[in-house]
Amino acid sequence: PIAIRLEDYRPPDWLVDTVHLDIDLHPTEARVIATLKMRPNPDADGARAIVLDGDELKLSRITLDGKTLDPRAYVATPERLTIPRPPSGPITLEIETLLNPSTNTQLMGLYQSNGIYCTQCEAEGFRRITYFPDRPDVMAVYTTRIEADKAAAPILLANGNMTESGDIDNGRHFAVWHDPFPKPSYLFAMVGGDLAFIEDTFRTMSGRDVALKIYVEHGKAHLCDYAMDSLKRSMRWDEEVFGREYDLDIFMIVAVADFNMGAMENKGLNIFNDKYVLASPETATDADYASIEAIVAHEYFHNWTGNRITCRDWFQLCLKEGLTVFRDQEFSADQRSAALERIGDVRNLRAIQFTEDSGPLAHPVRPSMYREINNFYTPTIYEKGAEIIRMLRVMIGREDFRRGMDLYFDRHDGDAATIEQFIACFAEASKRDLTHFSQWYSQAGTPHVAAEGQWNAEAKTYRLDLVQNTLPTPGQPSKEPQVIPLAVALFDEQGRAMKTDEHLIVLDRASQSVEFRNIKSRPVLSINREFSAPIVLRTNATEEDTQVLAAHDTDSFNRWQAIQTLAMKWLVAHVRGAEANTAAPLLDALKNVLADRKLAPAFVAQALAMPTEGDIAGEIAKNVDPDAIFRARKALRGTLSEELRASLQAAYDTYAASRGPFNPDAKSAGERALKNAALDLLAANGDAKAIALAARQFADADNMTDRMAALAALMPHDIPEREQAFKALYDRFENDPLVIDKWLTMQAMVPEAATFDRIKALTEHKAFSFKNPNRVRALIGAFAGNPSQFNRPDGAGYRYLTETAVAIDPQNPQLAARLMGAFKTWRRLEPGRAAAAEAALKAVAKAPNLSRDLADIVGRALA
Ligand code: B3K
Ligand code: ZN
């Protein structure tokens, strides 16, 4: 695939002012007539040829200013429509294309999901509908007329407000939608089908009433209430916190079963994966409820950060995605618990982004080159992008941050903007030079920071020496120092906060020292509080220091971090063969936390959740042996199970007893989380009483959270109770695909050699289909996330994954490429496994006719 470079950006030669789409829906022969009012771009100096993008398109007709275009005046291929010598002034083009939605298995452009017509255009799917300058800096006003068989598609939706609808003869009908806000083509959407819906209204801060509708397949309307509630809370929150009001008369969400990702923010017509809309206590876990809330909010927030202000080009993707993730994280923090949200977000960042940043797929938050843009919807663009904005707020303070956001909305409303323009707003609002800070966008890799403190008893000073270093990443062999905001506090050895003047240290050189004065006793350092910067931190803290923080740090994040640090120390020592080392400091810390009635149960649950196998592999970083890691983690959990039995049982009993009707709110979810974390550890050794307890909870549960937690506790053990539970889950929910996904995932996670055969058998099961992305991710994606089994020493896991990806590729390249994300850490494996992974990747690279998506990912994974 050819390289697209940021430095090659040129403004479009032609602009499109209005688009009129006339779509005649049909399963195999849908007809699209696009009428484009175009004019030369006064800001461009390039050639004046008209070059429109296409992808697998079939042109049936074209007119220019009402006259059929002479075949010698244009060239049409499936990928491009070129008019080499168009008139010099404004023109109207009418382009007719014919599509086959029923065979569109890529799920890009116009396709059918369970008979429902829907579209997905980001990033480059609009060109699968009609020829168009399919780039985000071409913004136009769209009017969409949809016509369809009324029985097959009684509901016809598109962006904007509906302006007209009616019946025509032959049982057909139509609807016209007009979106007054100019938008790029990637935000276009339409839907047609026989759908159920729920509706509500929202009164905006200026007093306008907005109709809210959520459309789903028939029989699912009763599962939409939580999504609707999340939507209304998001709309209110964006008004209160960012001053952003909704702008159309209607806001719609449509949920479909076949979708390549989570959801899509099309203007006024969000299209969602079923998984992030449908919920009932019976079928959705607390984690599902939290994701629905976060994703509904995320897509809604895009209305301002993404739609009203969009991206000039795809290199600026983090402009909308990093910012919108930041906004949805803030929303969840406000709706639930800020401390717990931060712990969860950092856990996720380390699991998915730090791993990416340390391997062959590392890339800057704003890349300077890509070959397939769909491969850049990554944790780096999204999660690290959000971290940069959080750091910016820490650096300039909340007030200037808000003023910078206001300025951005004010100045760039209606624009296709760049990162530079965004940062300039904050530089102006805070009167600061943010040039060096902006390097976070261009330099890849996670900085490692060493913080070493020395207390001088005589001088009563505490000197903190800070050193930063970022390892090379592909294409960036040497790195510059980053601007790293470090929130700091000092405690005495009894855990009392010391009064110090310095709270925020900005490390912006390779090394620097800070001195605290008037420090009368040896301090304990709490640094990178609230995870103020996305870095890997090493300190010279003693184990006693870490215990002080684990017991007393007033920053919940760092208190949780201290406990993780104690656990990690034990785990790494164990992986390296030091089996005799004591877990006493960790056990003390956990006993403390379990006994502390003032702590939120959700926090205690997070403290009990030991570092994952992936976390440990990241810490070890080189020569990783997944089996040794698995054994160490199992041994630690076994020790906790033995040593904390009484307090775990007490925690379990407390929250098992306080059960009322299911409520998905944060407080109830936190109580369930603690109860289930306790159950998980109680059962970690396979103790017969604990297994019986888990089996009983599975059987008696009145909600999916408790049911899945019980199954997760049984899952690591090769016992009949586990197999009975798998069977019971299937029998009860065989007609509910979203629960079937949980059933598939849990089986794919079993840490036993037999899992490999189980996976292969499950692909033949009638509940499974390679055509549905949710099923594939639930089974194959989860297997790729099973560290000990995907990384089987014989390499069979690698081969299976790559062969599966190659088989899926012709049908759905995006899905195939996503699966390959499992190889982002292959280079840190021990030599035997690394060789097997490399061989599997090389076999893919040699396969014929790879999609651009798969070829790009494999090429980079091997580079
Ligand atoms: N913007 C979409 C993602 C589109 C992915 C295209 N491959 C969803 C989101 O981030 O909100
Ligand atoms: Zn987004």
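**Notebook: ligand shell, a small sheet, and a domain contact**

I began with ligand 1 and found that its shell takes at least three residues from domain 1 (4-277) and at least three from domain 2 (310-442). A reminder to myself: this is a predicted model.

**Entry 1, the ligand shell.** I listed the residues around ligand 1 and got Glu122, Ala123, Met261, Ala263, Met264, Glu265, His298, Glu299, His302, Glu321, Asn374 and Tyr377. Which strand and helix each supply at least two residues of this shell? I looked them up, and they are strand S20 (263-264) and helix H2 (286-301). I then sorted the shell by residue class: five residues are nonpolar, four are charged and three are polar.

**Entry 2, the domain layout.** I wanted the whole division next, so I noted domain 1 (4-277), domain 2 (310-442), domain 3 (448-533), domain 4 (550-685) and domain 5 (734-863).

**Entry 3, domain 4 against domain 5.** I checked how far apart these two sit, and their centres, taken over C-alpha atoms, are separated by 29 Å. How many residues of each domain are in contact? I found 12 on the domain 4 side and eight on the domain 5 side. On the side of domain 4 that touches domain 5, helix H13 (613-620) and helix H14 (626-643) each supply at least two residues. H14 gives the largest share of that side, with four residues. By class, I noted six nonpolar, four charged and two polar residues on the side of domain 4 that touches domain 5.

**Entry 4, a three-stranded sheet.** I traced an open sheet in the order S28-S27-S30 and saw that its pairing is antiparallel. Which strands form the edges? They are strand S28 (504-507) and strand S30 (524-527), each of which pairs on one side only. I also took down the turn between neighbouring strands of this sheet, which averages 35 degrees with direction ignored.

I followed one pairing further. Strand S27 (residues 484-491) and S30 run antiparallel and are joined by four bridges. Valine 488 has isoleucine 527, in S30, as its bridge partner.

**Entry 5, a helix over the sheet.** My last look-up was what lies across S27 and S28, and the answer is helix H5 (residues 379-396). H5 runs at about 60 degrees to S27.

How values were computed
Residues are numbered from 1 along each chain as its sequence is written. Chains are lettered from A and ligands numbered from 1 in the order in which they are written. This is a predicted model: local features need pLDDT of at least 70, side-chain atom pairs count only at pLDDT 80 or more; totals for chains, interfaces and linings use all residues. Domain bounds come from an automatic or database domain assignment. Two residues are in contact if their C-beta atoms, placed from the backbone, lie within 7 Å. Ala, Val, Leu, Ile, Met, Phe, Trp, Tyr, Cys and Pro count as nonpolar, Asp, Glu, Lys and Arg as charged, and the others, Gly among them, as polar. Two strands pair if DSSP finds at least two bridges between them. Axes are lines fitted to C-alpha atoms, for helices over the stretch in contact, and angles run from 0 to 180 degrees between N-to-C directions. A residue is near a molecule or strand if its C-beta atom, placed from the backbone, lies within 6 Å of it.
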